[in-house]
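Please open the model in a viewer and keep the selection panel at hand. The tour proceeds stop by stop, with a selection to make at each.

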Amino acid sequence: QVQLVESGGGLVHPGGSLRLSCAASGRAVTSATMAWFRQAPGTERDFVAAVRGGGGGMTNYLDSVKGRFTISRDRAKNMVYLQMNGLQPEDTAVYYCASGASSLILSSTWQRRSYDYWGQGTQVTVAS
């Protein structure tokens with residue numbers, strides 16, 4: 001049984017930074033494609049970032065977060081992180097960690113259906 005637990009959300013001013021963490025159990029983060037999605041009120045859950053399984057760890061990002069957000073993983077701790085810099089009010093959402101097959105092709109990492117395990121989410125609010 002794979003379990004994902006997110007933490008690190010909170011309230012931050014525009015331009016600020018947060019680092020989200022996802023603690024994984026039941027599957028090694030390096031043996032899975034790990035991703036972050038987010039969902040704002042009244043909207044669908046949207047892709048933010050992903051890192052493919054295996055040693056290469058190729059990454060994929062939503063265009064609007066490129067250069068601001070960085071996804072990373074810690075093999076020893078079995079954790080996945082999302083470092084978020086330059087946060088803006090439009091980044092306000094509940095952020096979810098997701099785990100999928102290691103063999104996902106990069107072009108499919110943005111699809112919700114590619115992931116079979118999800119965390120409960122952590123709220124990120126960007127406001128002045």
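Select Arg27, which counts as partly exposed because its relative accessibility is 23%; buried means under 20% relative accessible area, exposed over 50%, and partly exposed in between, with a 1.4 Å probe and protein chains only. Arg27 is found in the loop between E3 and E4; such strands (E, at least two residues), like helices (H or I, at least four residues), are DSSP runs numbered from the N terminus. The model is a predicted one, in which local features need pLDDT of at least 70 and side-chain atom pairs count only at pLDDT 80 or more, while totals for chains, interfaces and linings use all residues. Residues are numbered from 1 along each chain as its sequence is written, and side-chain values use heavy atoms, with hydrogens and water left out.

Now display the surroundings of Arg27. Leaving aside neighbours within four places in sequence, Arg27 is in contact (heavy atoms within 4.5 Å) with Val2, Ala32, Asn78, Ser99, Gly100, Ala101, Asp116 and Tyr117.

Two of these contacts merit a stop of their own. Select Asn78 in the loop between E7 and E8. Arg27 and Asn78 are 51 residues apart in sequence, yet their C-alpha atoms are 8.5 Å apart in space. Is Asn78 buried or exposed? Asn78 counts as buried, because its relative accessibility is 16%. Its backbone also deserves inspection: phi of Asn78 is near 55°, a positive value in a residue other than glycine. Most residues other than glycine have a negative phi.

Next select Gly100, placed in strand E9. Gly100 counts as buried, because its relative accessibility is 0%. Not counting residues up to four places away in sequence, Gly100 touches Arg27, Ala32, Thr33, Ser114, Tyr115 and Asp116. A distance may also be drawn from Gly100 to Met34: the two are 66 residues apart along the chain, and their C-alpha atoms are separated by 6.4 Å.

From Met34, proceed to the largest nonpolar core, where a core is a set of buried Ala, Val, Leu, Ile, Met, Phe, Trp, Tyr and Cys residues joined through side-chain atoms within 4.5 Å. Of its 27 residues, Met34, Trp36, Leu82, Met84 and Tyr95 touch the most other members. Strands E3 (18–25), E4 (32–39), E5, E7 (69–74), E8 (79–84), E9 (93–101) and E11 (122–126) each supply at least two residues of this core. E3 gives the most, with 4 residues. Select Met84 within the core: not counting residues up to four places away in sequence, Met84 touches Gly16, Ser17, Leu18, Leu20, Arg68, Phe69, Tyr95 and Val124. Apart from this core lies another, of 7 residues, among them Phe47, Ala50, Leu104 and Tyr115. In soluble globular proteins, nonpolar side chains tend to be buried together.

Tyr115 leads to the aromatic residues. Rings of Phe, Tyr and Trp (its six-membered ring) pair if their centres lie within 6.5 Å; planes under 30 degrees apart count as stacked, over 60 as edge-to-face and the rest as tilted. By this rule the count comes to 4 aromatic pairs. Select Phe37 and Tyr115: their ring centres are 5.4 Å apart and their planes stand at 75°, so the pair is edge-to-face. Phe37 lies in strand E4 and Tyr115 in strand E10 (residues 115–118), so the pair ties together parts that are 78 residues apart in sequence. Tyr115 is buried, with a relative accessible area of 6%. Tyr115 and Trp118 form an edge-to-face pair as well, at 6.2 Å centre to centre and 70° between the planes. Trp118 counts as partly exposed, at 26% relative accessibility. Phe37, Phe47, Tyr115 and Trp118 form one aromatic cluster.

For the final stop, select Phe37, Arg45, Asp46, Phe47, Asn60, Tyr61, Leu62, Trp110, Gln111 and Arg112, which line the largest pocket. On a 1 Å grid over the protein atoms alone, a pocket is an open set of points where a 1.4 Å probe fits, with protein on both sides within 12 Å along at least five of seven lines; lining residues have an atom within 4 Å of a point. Strands E5 (46–51) and E6 (59–61) each supply at least two residues of this lining.
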